[in-house]
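Here is a short briefing to read alongside the sequence and the model. It takes up cysteines, then a helix, then a glutamine.

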Amino acid sequence: MSGSPWAGLHARWARLREGLAPPAYPGVQLTAKRLLNLYVSRWQEWRGHTRLWARPIKMTVEATNICNLRCPACFTGSNLAGRSKSHMPIEFYERLLDELGDYLFSLEFFNWGEPLLAKHIFAMIEQATRRGISTTISTNFSFPFDAERAERIVTSGLQILGVSIDGARQDTYEQYRVRGQLDTVLRNVALVRDAKLRLGSATPRLIWQYHVFPHNLADVETARVMAADLGMDMAVSKGWTVGEEWDPKSEHRFFWYPTPPSPCRFLWQEAVVHNEGGVAPCCGTYYPEDDVGHLATAAGEAGTTRFGEVWNSEKMRQARQLYRNRSAPDAPRQHVCYDCPLTVIWEKWQVHQASGTSAPFEAGFGTNDCFNYFWNRRPALSGARKAG
């Protein structure tokens, strides 16, 4: 059968079905406009277009870049100087939705800040829900909360509430979630669980996000039991570290691996907009010097008012062009995407394919290497900016 023409037909049919299947974002309303944009986006990515007609199907908005914890492998937690601390203006967010809402399948309200500390977070979720967009929050949940706000989370239509809890005891939990209080986190989760029961709601889906490190390995099974008692699903993944990956032979795996060959989806299908209007090429960048453009968050502010202009800006098109020819003499070597492991992997994969070798492909990078690329990158800072 494997050598028959039917085998090739079945393989082509499988690829066609995969290309037509929409992403499985919970709660999204599938409309003709969303689906058409999705297929155009996938086709342009496959063709390697640098100027896009399609709009992103997923967007990350930094509702606020303020955080109460001091997690060591986080730019914000390490108090590194970056953008000014602020909340995304609701009027600016509404303008983004007016332009992109009909195309988006998913909205994530977090990146380098704590989204449930954002001034307008509930209104932001509610507006996305009304437009039929799937919504996700990842929170540390280690701050004062109450039953009223728990009900607001439920009635907002939020689909997924991930809670980062890296330990089942205070002494293990706080080694990474510095300043965090485990009892506060668990109490807040219980408030949301109880609100779901009172309101008869299946959402948001509660997920215990457990990043495994050597210091909390022994707590994993205890955490599974605690998660079940709280009505939470359990998502266990390997925690990334600054420097060498801890125990590469560990049974625990990162939540994501850069599997070649695959161009960076952020450049064709996903957008990242920061609290002050900076548009980043992906969720891994931190410094505004690496942005691909800036959106004016208020009248009279510098920057464009249309996301589409930034989506096809010179820096964004340069990033996409790197997947055509990273070694071109005029390739922008200062661009954050130039030395990104995903870009380098793609170039190596093209060379591997062209060689005709039967040897297995070696990417040379893992997930921890990708994290460290962004962590170690320090673009030329404008002025004498200092951490404060």
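No disulfides turn up when the whole structure, a predicted model, is searched. Cys282 takes part in none, and the cysteine sulfur nearest to its own, that of Cys283, is 5.6 Å away. The points below fill in the picture around this pair and then move on to two other spots.

**Cysteines 282 and 283**
- A disulfide needs sulfur atoms within 2.5 Å, and the sulfur of Cys283 has its closest cysteine sulfur, in Cys282, at 5.6 Å, so the two are too far apart for a bond.
- Cys282 counts as buried because its relative accessibility is 12%.
- Cys283 has a relative accessible area of 32%, so this residue is partly exposed.

**Helix α12**
- Helix α12 spans residues 367–376 and is largely enclosed by the rest of the structure, because eight of its ten residues are buried.
- The buried residues of α12 include the aromatic-named positions Phe371, Tyr373, Phe374 and Trp375, along with Thr367, Asn368, Cys370 and Asn372.
- Helix α11 (341–355) is included in what covers the buried residues of α12.

**Gln44**
- Gln44 sits in helix α2, which runs over residues 32–47.
- With a relative accessibility of 1%, Gln44 counts as buried.
- A polar atom of the Gln44 side chain lies 2.9 Å from the backbone nitrogen of Trp53.
- Leaving aside residues up to four places away in sequence, Gln44 touches His49, Arg51, Leu52, Trp53, Ala54 and Trp268.
- Trp53 therefore appears twice for Gln44: its backbone nitrogen is 2.9 Å from a polar side-chain atom of Gln44, and Trp53 is among the residues that Gln44 touches.

Methods
Residues are numbered from 1 along each chain as its sequence is written. This is a predicted model: local features need pLDDT of at least 70, side-chain atom pairs count only at pLDDT 80 or more; totals for chains, interfaces and linings use all residues. Side-chain values use heavy atoms; hydrogens and water are left out. Buried means under 20% relative accessible area, exposed over 50%, partly exposed in between (1.4 Å probe, protein chains only). Helices (H or I, at least four residues) and strands (E, at least two) are DSSP runs, numbered from the N terminus. Contact means heavy atoms within 4.5 Å. A polar contact is a pair of N or O atoms within 3.5 Å; within protein, one must be able to donate a hydrogen and the other to accept it, and residues adjacent in sequence count only if both atoms are side-chain atoms.
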